[in-house]
Amino acid sequence: MDWTGWFDAHDYEIARQVLQRGVAALAFVAFLSTLNQFRPLLGEHGLLPVPELLRLARRLRGPSLFRWGYSDRRLVAVAVAGLVFAASVVIGLPQLGPPWVPLLVFLALWVLYLSIVNVGQTFYGFGWEMLLCEALFTVAFLGSNDQPPPLAVIVAIWWLVFRLEFGAGMIKIRGGSEWRDLTALTYHHETQPMPNPLSRQAHLLPRWFHKGEVLGNHFAQLIVPFLLFVPGPVGSAAATVVILTQLWLIVTGNFAWLNWITVVLAASAITDPAWHWLIPAIPANLGTDASTTPLWWFAIVAAVTVLLLVLSVRPVQNLFSRRQLMNASFNRWMLVNAYGAFGTVTKRRIEIVVEGTLAETPGEGAEWREYGFKGKPGDVRAVPRQWAPYHLRLDWLMWFLPLGRMWEPWFEAFLLRLLEADAPTLRLLRSDPFGGSPPRWVRARAYRYRFATRAEYRETGERWVRTLQGDVIPPTGLR
């Protein structure tokens with residue numbers, strides 16, 4: 001007798017493939033970002049050195065392999081291991097074995113990335129870091145190709161998407177009035193942390209379109225998430241709405257892997273028949289040939305399901321709390337977290353521009369040259385690049401500086417590294433105006449940036465119009 005047949009989600013084989021390979025691909029991007037940026041930001045000689053954190057902190061915010069000592073060499077080993085494990089899932093190797101093989105690979109990815117996030121300080125303080133950790137843990141229990149996907153795990157991923165979308169929707173409704181009067185996206189495309197090549201075109205769309213965007217956002221985040229739990233065509237349609245709204249955000253912005261992972265997770269609600277209807281080459285009954293779920297695997301999945309249910313109590317309370325927390329974890333393992341983004345929308349874009357000079361004294365006659373960043377706006381003629389799902393951590397934190405966080409320790413250390421012409425730090429930038437030589441002085445100035453209108457662009461060729469607001473850090477030298 002088949003005691004576990006009811007526990008199998010035969011209609012969600014494509015969903016499992018998308019989830020396992022998609023989350024692993026984004027984990028690959030996250031480990032690659034870490035390999036390229038962690039050492040100059042947080043390494044032994046970084047802006048916020050992890051060894052100093054370990055010396056001063058009585059307790060880290062969660063478990064980490066670096067708790068017993070950090071070195072840049074160990075960091076590289078962790079990142080490379082993560083890249084190898086993630087790549088193996090993308091090409092489908094662990095899924096060919098018994099279910100405990102992809103389980104161990106994903107749990108290893110979870111432990112490795114959790115170890116990085118828990119010592120990453122402000123550079124790893126973004127909501128999509130904990131989202132990736134939770135996704136890696138949850139998809140670990142989807143099993144291998146020989147068994148049907150466990151229905152409980154598929155539902156757990158729907159619950160993750162619900163918290164992600166509904167939490168963001170409630171944050172907005174409880175947040176700034178611009179979400180309630182439908183003006184939020186009149187500003188957002190211009191003031192978002194890192195615009196992409198199409199952000200200006202999106203900003204210049206008519207006001208009625210921006211109001212429609214806000215209404216569509218409220219529908220997608222406050223109503224549609226409930227429909228994910230209706231199996232079959234309704235759930236597939238709800239997932240499609242979520243995916244389409246996320247694709248619009250991908251086309252018009254640079255939010256690291258936040259939108260990409262939401263697309264992957266939302267695909268969990270699309271059934272195999274729906275995939276077949278969309279792409280007839282995909283068989284409609286792909287998962288029916290899988291063997292019966294073994295009892296030992298059923299027991300593991302059941303135990304994890306109970307764990308996730310217990311950990312869901314506080315996130316549920318948070319969703320309906322007047323003091324709703326955004327991007328918060330209620331345990332040290334970053335499981336079943338609270339999510340949300342952009343409860344308020346910045347209405348004016350202030351950019352911090354960093355400059356240096358070789359002059360002996362930083363007086364009126366000094367020639368100041370601007371450092372170029374890879375992602376954040378600087379050159380008014382440059383077309384913003386598409387970086388997502390890759391995460392430029394320094395550029396993102398530069399956006400937060402004028403929002404009341406100007407005196408961050410990492411920024412002071414960053415200016416010091418510029419004065420020293422520190423090569424690893426300079427590699428984080430797009431351009432060094434001094435070609436590797438140290439300047440005598442550096443300063444930071446605040447500019448108001450806005451997108452040029454179509455008429456202004458035709459006249460000047462400049463995509464941004466910027467206005468000096470003043471110096472925020474006066475000329476500073478090593479002496």
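In this predicted model, His188, Thr191, Gln192, Phe342, Thr344, Val345, Thr346 and Trp399 form the lining of the second largest cavity. The volume of this cavity is about 40 Å³. Sorted by class, its lining holds 3 nonpolar and 5 polar residues, with no charged residues.

**Cavities**

A search of the whole structure finds 2 cavities of 30 Å³ or more. The largest cavity contains about 40 Å³ of space. Its lining is made up of Ile352, Val353, Val354, Glu370, Tyr371, Gly372, Phe373, Lys376, Pro377 and Gly378. By class, these lining residues comprise 6 nonpolar, 2 polar and 2 charged residues. The table sets out the two cavities.

| Cavity | Volume | Nonpolar lining residues | Polar lining residues | Charged lining residues |
|---|---|---|---|---|
| Largest | about 40 Å³ | 6 residues | 2 residues | 2 residues |
| Second largest | about 40 Å³ | 3 residues | 5 residues | no residues |

Which strands supply at least two residues each to the lining of the largest cavity? They are strand E1, residues 349-357, and strand E3, residues 372-373. The largest share of this lining comes from E1, which provides 3 residues.

**The sheet**

Strand E1 also takes part in a sheet. Strands of a sheet pair through backbone hydrogen bonds, and the pairing may be parallel or antiparallel. Here, 4 strands form an open sheet in the order E2-E1-E5-E6, with antiparallel pairing. The edges of the sheet are strand E2, residues 369-370, and strand E6, residues 464-476, each of which pairs on one side only.

The antiparallel strands E1 and E2 are joined by 2 bridges. Within E2, Arg369 is the bridge partner of Gly356. Glu370, for its part, belongs to the lining of the largest cavity.

**The nonpolar core**

How many residues does the largest nonpolar core have? This core has 130 residues, and those with the most contacts inside it are Tyr113, Leu265, Trp410, Phe411 and Phe414. Helix H1, which spans residues 13-42, gives the most to this core, contributing 14 residues.

Leu265 may be followed in detail. Residues up to four places away in sequence are not counted, and Leu265 then touches Leu19, Val23, Leu131, Ala135, Ile157, Leu160 and Val161. Leu265 is thus listed both for these contacts and among the residues with the most contacts inside the largest nonpolar core.

How values were computed:
Residues are numbered from 1 along each chain as its sequence is written. This is a predicted model: local features need pLDDT of at least 70, side-chain atom pairs count only at pLDDT 80 or more; totals for chains, interfaces and linings use all residues. Side-chain values use heavy atoms; hydrogens and water are left out. On a 1 Å grid over the protein atoms alone, a cavity is a set of points where a 1.4 Å probe fits but cannot get out, and a pocket is an open set with protein on both sides within 12 Å along at least five of seven lines; lining residues have an atom within 4 Å of a point. Grid points are joined across faces, edges and corners, and a volume is the space filled by probe spheres set on the points. Ala, Val, Leu, Ile, Met, Phe, Trp, Tyr, Cys and Pro count as nonpolar, Asp, Glu, Lys and Arg as charged, and the others, Gly among them, as polar. A nonpolar core is a set of buried Ala, Val, Leu, Ile, Met, Phe, Trp, Tyr and Cys residues joined through side-chain atoms within 4.5 Å. Buried means under 20% relative accessible area, exposed over 50%, partly exposed in between (1.4 Å probe, protein chains only). Contact means heavy atoms within 4.5 Å. Two strands pair if DSSP finds at least two bridges between them.
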